[in-house]
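Here are some exercises to work through with the structure open beside you. Have a go at each one before you read its solution.

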Amino acid sequence: MKKNMGWKVVAAVVLLLALGMVMVDRTSAQGNSQQHRPFVFNGHTWASIEDFIERGRCVTRQVGEDEAAEIDNEVARAHAARRAGGTPEVTGGVINVYFHVITNTSGAGTVTGTMITNQIGVLNNAFGSFGWSFNLVSTNTTANNTWYTAGPGTAAEAAMKAALRQGSADDLNIYTNNPGGGLLGWATFPSSYAGNPLNDGVVVLYSSLPGGSAAPYNLGDTVNHEVGHWMGLYHTFQGGCNGNGDYVSDTPAEKSPAYGCPVGRDSCPRKPGLDPITNIMDYSDDACMYQFTAGQDARMDSMFTTYRFGK
């Protein structure tokens with residue numbers, strides 16, 4: 001009798017496990033279904049949320065391995081020369097900001113003074129603990145239908161920046177508009193300044209500023225993210241699980257960009273650490289991204305000193 005009861009218990013456990021697996025499969029299928037449904041952002045329909053994350057969240061160009069290696073070598077040589085000459089590396093300072101608001105002739109794209117002030121505050125909160133602060137020097141508003149929808153690498157972008165950019169290599173120009181295709185933003189790297197000074201700066205969707213309508217990307221972290229690029233940082237997921245990644249040693253390897261706030265995500269299980277979903281250089285929702293690492297700070301210092309300071 002005991003033997004028969006034992007088999008019944010085993011059978012019941014097997015059945016429960018099987019039902020659990022079915023439920024997990026159903027849940028996974030439902031999650032995958034949600035991920036692959038059409039995703040609408042800022043009036044543009046993407047094939048899925050993943051499609052938007054990969055092609056619209058940030059369209060700053062990805063630096064290839066050869067170029068990245070050459071940049072790091074150049075920075076190392078400049079650092080060695082500074083040490084030999086007794087010149088210290090810049091480890092912080094005040095960055096002047098020129099803010100350019102682009103609207104269309106109907107007034108769409110207007111950004112309030114409060115939104116801009118709050119955006120500068122968000123920048124200072126993100127970078128302040130590492131010694132960097134941002135000082136708003138001026139704001140201008142331009143009504144231009146062509147510039148209002150200017151995308152990365154277009155003639156409209158070039159014309160907009162040529163007409164409006166102010167300052168030198170160590171001054172930050174931020175442009176807000178409504179770029180075509182449902183894009184959130186892009187930036188230039190420090191190493192690109194010498195070759196095309198007028199192109200330097202950050203462009204973001206106007207409604208991504210604090211208080212804007214581009215939820216869940218309306219707390220100001222799109223500007224933080226793009227300024228991270230402007231300071232020399234790559235995406236945390238650059239290179240995936242292999243290679244040099246983002247060239248920062250204390251950001252765990254990440255196979256692909258995160259979205260939402262996937263706590264506990266580990267896309268590179270053979271590498272140490274969970275995915276850096278709270279890092280400003282990932283793609284999580286604004287409410288989830290809030291930090292840089294010490295390694296990223298050191299990289300920003302070196303990049304700024306080599307390519308921007310006093311240039």
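**Exercise 1.** How many bridges join strand 3 (residues 93–103) to strand 5 (residues 172–177), and do these strands run parallel or antiparallel?

*Solution.* Keep in mind that this is a predicted model. Start with the two strands: five bridges join strand 3 to strand 5, and the pair runs parallel. Now pick out one bridge: Tyr 98 has Asn 173 in strand 5 as its partner.

Next, zoom out to the sheet. Five strands make up an open sheet in the order 4-3-5-7-6, and their pairing is mixed. Strand 4 (132–143) and strand 6 (185–187) sit at the edges with a single partner strand each, so one side of each has no neighbour in the sheet. From one strand to the next, the twist averages 20°.

**Exercise 2.** Find helix 4 (residues 113–127) and work out which strands it lies across, then see what it gives to the largest nonpolar core.

*Solution.* Helix 4 lies across strand 3, strand 4 and strand 5, and it runs at about 150° to strand 4.

Then look at the core. It has 55 residues, and Phe 127, Phe 134, Leu 172, Val 227, Met 231 and Phe 292 touch the most other members. Helix 4 supplies six residues, the largest share of this core.

Try following one member, Val 227: leaving out residues up to four places away in sequence, it touches Leu 123, Phe 127, Phe 134, Leu 172 and Val 202. There's also a second, separate core of nine residues, with Val 75, Phe 189, Tyr 234 and Tyr 307 among them.

**Exercise 3.** Check the length of helix 8 (residues 294–307), then decide how enclosed it is.

*Solution.* First the length: at 1.5 Å a residue, the 14 residues of helix 8 should span 20 Å, and the end C-alpha atoms are indeed 20 Å apart, so the two agree.

Now the burial. In helix 8, 11 of the 14 residues are buried, so the rest of the structure largely encloses it. Met 300, Asp 301 and Phe 304 are among those buried residues, which pack against helix 3 (65–85), strand 3, helix 4, strand 4 and helix 7 (221–230).

**Exercise 4.** At what angle do the axes of helix 3 and helix 8 cross?

*Solution.* The two axes come within 10 Å and cross at roughly 75°. Angles from 65 to 115 degrees count as roughly perpendicular, so that is how helix 3 and helix 8 stand to each other. To see where they meet, look at residues including Ile 71, Val 75 and Arg 82 in helix 3, and Arg 299, Met 303 and Tyr 307 in helix 8.

Definitions and conventions
Residues numbered from 1 in each chain as written. Predicted model: local features only at pLDDT ≥ 70, side-chain atom pairs only at ≥ 80, totals over all residues. Heavy atoms only, no water. Core = buried A, V, L, I, M, F, W, Y, C linked by side-chain atoms within 4.5 Å. Buried < 20%, exposed > 50% of the residue type's maximum accessible area, 1.4 Å probe, protein only. Helix = DSSP H or I, 4+ residues; strand = E, 2+ residues; numbered from the N terminus. Contact = heavy atoms within 4.5 Å. Pairing = 2+ DSSP bridges. Axes fitted to C-alpha atoms, helices over the stretch in contact; angles between N-to-C directions. Expected span 1.5 Å × (residues − 1). Parallel < 35°, antiparallel > 145°, perpendicular 65-115°, else oblique.
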